[in-house]
Amino acid sequence: MAKSCPISSSFIIISVLIHFTLSIGLRRWPDVLPYELQSLDIASRLRVDPDATRMASRDFGRLVHPPNPAAVLYPSSIEDIASLVKFSYNRSSPFSIAARGQGHSLRGQAMASHGVVVEMRSLNNCSCGSGIRVTKNPIWGSYADVGGEQQWIDVLQATLKHGLAPVSWTDYLYLTIGGTLSNAGISGQTFRHGPQISNVYEMDVLTGKGELVTCSKDTNSELFFAVLGGLGQFGIIIRARIALKPAPKRVKWIQMLYDDFSTFSRDQEHLISINGLDYLEGSLLMQNSSPNNWRSSFSPSEYPRISSLISKNGIIYCLEVVKYYDELTSHTVDEELQELLKGLNFLPGFVFTKDVSLVDFLNRVHSEELNLRAKGLWDVPHPWLNLFVPGSRISDFNSGVFRDILPKINQTTGTFLIYPVIRNKWDDRTSAVIPDEDIFYTVGLLHSSGADDWEPLENQNKEILKFCDKAGIKIKRYLSRYTTKKDWMNHFGPKWRTFEDRKAQFDPKMILSPGQQIFNSV
Ligand code: FAD
């Protein structure tokens, strides 16, 4: 026994040394990050290994593959994020930092090549962020204080426990508060309640100087409006106070088909000009796509009838509306709907009604996500093009894009959305950019492709943009990323000066959200 001791202790020492050397090897500190960062408290929550950095340089788009970040921070508190930002800000050569929500961006917007990505969802995993708290007060009525890292699906579930819900949504709920408020957050409720950025009362924002600031329309309003639709450029959203209303229980969900675009868009515009509906969207059904796409909700028994209509006309337009109801209104909802839809000119016999719970309706895209995941069709390239098209030119857009350019590609598993929204439901003081007309259409060409065949779809997107440019259709792109400063200046138009001034004020060292390529473009 006594003899074997020295051998086993040297064995242990050697093993420990080998393990230590190996782990240092795997965790080699990246040259681009200052060594002093390792002495901060957050060092143990920073990962520099390839598994972590590779994950943080992937997104839903699967289209861009820039160099990985140098490190990924998995914060266990808001102070962790603040100390990272302050550390970078206080250096003569700061490194870039990107907050990452769900990474459901399309073109690397939540990435930070050679910088640090902050995995915001880590705050939720350790329940150490702002969480979701539902409250009521005499000024605002009911509201939820929600961490920027939270997903909308969780906000829905948490608020429903109080019989309440936010009023403005995105079609898909597995997106974070910080991610959608950095863009706009639009869906079929936008025509009525405005985008999600029009339904925020207050925020806590960590600026690019590492300062945590509470802001609202009345307090630190410049920061408040900068951050809403601000593409992550001015601060990290730590908490947002979201407006809530009593939640309806159920939904009457109606889809009507049209073979004529001007009748379809006239009916859409009529419906958003009157009171009564809770949601309105629209989509295209095309010969080269199936009526059973990830956004349609027709019953399979209707497919043959709808498919033969599509074959006859090439394109069919589907108008989709919703009216919420509950116990109190269940006996009047059908009558009210009939009144609202009176005088519409959809194709006789092509109206489809469903009656579903509020959660099933709001969370409708998730069931399709599960379907697509099961078939291996979710984690594929997504060459999406999202546009805001001025109402006065939507008919030209239909002829040039829907009728002419889109059908040129033979087969697509994409979904094409088109619905009008109203400008005065948007606050012009935010950073979001929209066309200068009272009514504009949101158009989403949501293509999915195989790993190797996304390029023709990208080329088609370019052709569409070229067509709009040539035809003088002054579209604004949504969720897009430009790569040159000139293009960004064009995009922001008269808002560029303000955008630039706000950057100088809140993130003067240009640390935040480099993946948008606004202040680091050529
Ligand atoms: P990320 O992709 O992680 O980040 C997006 C940007 O926001 C990045 O620049 C990032 O740095 C920044 N950011 C992230 N968190 C914060 C924070 N806390 N503070 C400040 N900046 C932050 N959009 C709509 O408007 N309507 C829709 O109906 C809709 N449907 C969609 C359906 C699907 C299937 C997908 C994939 C996307 C959809 N989107 C829709 C787009 C979506 O809103 C944006 O891509 C959104 O940014 C994704 O949120 P995220 O949490 O994944 O953000």
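## A salt bridge between two loop residues

Let's start with one pair: Arg423 and Asp436 meet through their side chains in a salt bridge, 3.9 Å from N to O. A salt bridge here is a side-chain nitrogen of Lys or Arg within 4 Å of a carboxyl oxygen of Asp or Glu. This pair links distant parts of the chain, 13 residues apart, with Arg423 and Asp436 each in the loop between strand S16 (415-422) and strand S17 (439-446). Asp436 counts as exposed because its relative accessibility is 70%. For the labels used here, buried means under 20% relative accessible area, exposed means over 50%, and partly exposed is in between (1.4 Å probe, protein chains only).

Before going on, keep in mind that this is a predicted model: local features need pLDDT of at least 70, side-chain atom pairs count only at pLDDT 80 or more, and totals for chains, interfaces and linings use all residues. Residues are numbered from 1 along each chain as its sequence is written, and side-chain values use heavy atoms, with hydrogens and water left out.

## More salt bridges

How many salt bridges does the rule give? The count comes to 31. One of them joins the side chains of Glu369 and Arg373 at 2.9 Å, N to O. Both residues sit in helix H13 (residues 364-374), four residues apart, which is about one turn of the helix. Helices (H or I, at least four residues) and strands (E, at least two) are DSSP runs, numbered from the N terminus. Glu369 counts as buried because its relative accessibility is 5%, while Arg373, at 40%, counts as partly exposed.

Then there's Asp507, which forms a salt bridge with Lys503, where the closest N and O atoms are 2.6 Å apart. Is Asp507 buried or exposed? Asp507 is buried, as its relative accessible area is 0%, and Lys503 is buried too, at 1%. Elsewhere, salt bridges that share partners tie Asp145, Glu202, Asp204, Arg239 and Arg241 into one network.

## The eight-stranded sheet

Strands of a sheet pair through backbone hydrogen bonds, either parallel or antiparallel. One open sheet here has eight strands in the order S14-S11-S13-S12-S16-S17-S15-S18, and the pairing is antiparallel. Strand S14 (351-357) and strand S18 (476-478) stand at the edges with a single partner strand each, so one side of each has no neighbour in the sheet. On average, neighbouring strands of this sheet are turned by 25 degrees against each other, direction ignored. Two strands count as paired if DSSP finds at least two bridges between them.

Strand S11 (residues 250-258) pairs with S14 in the antiparallel sense over seven bridges, and Met256 stands opposite Val351 in S14. Helix H10 (residues 303-313) lies across S11, strand S12 (279-286), strand S13 (315-325) and S14, running at about 135 degrees to S13. Contact means heavy atoms within 4.5 Å; axes are lines fitted to C-alpha atoms, for helices over the stretch in contact, and angles run from 0 to 180 degrees between N-to-C directions.

## The four-stranded sheet

Another open sheet is built from four strands in the order S1-S2-S4-S3, with mixed pairing. Its edges are strand S1 (46-47) and strand S3 (97-100), each with a single partner strand, so one side of each is left without a neighbour in the sheet. S3 pairs with strand S4 (residues 116-119) in the parallel sense over four bridges. Which residue in S4 is the bridge partner of Ala98? That partner is Val117.
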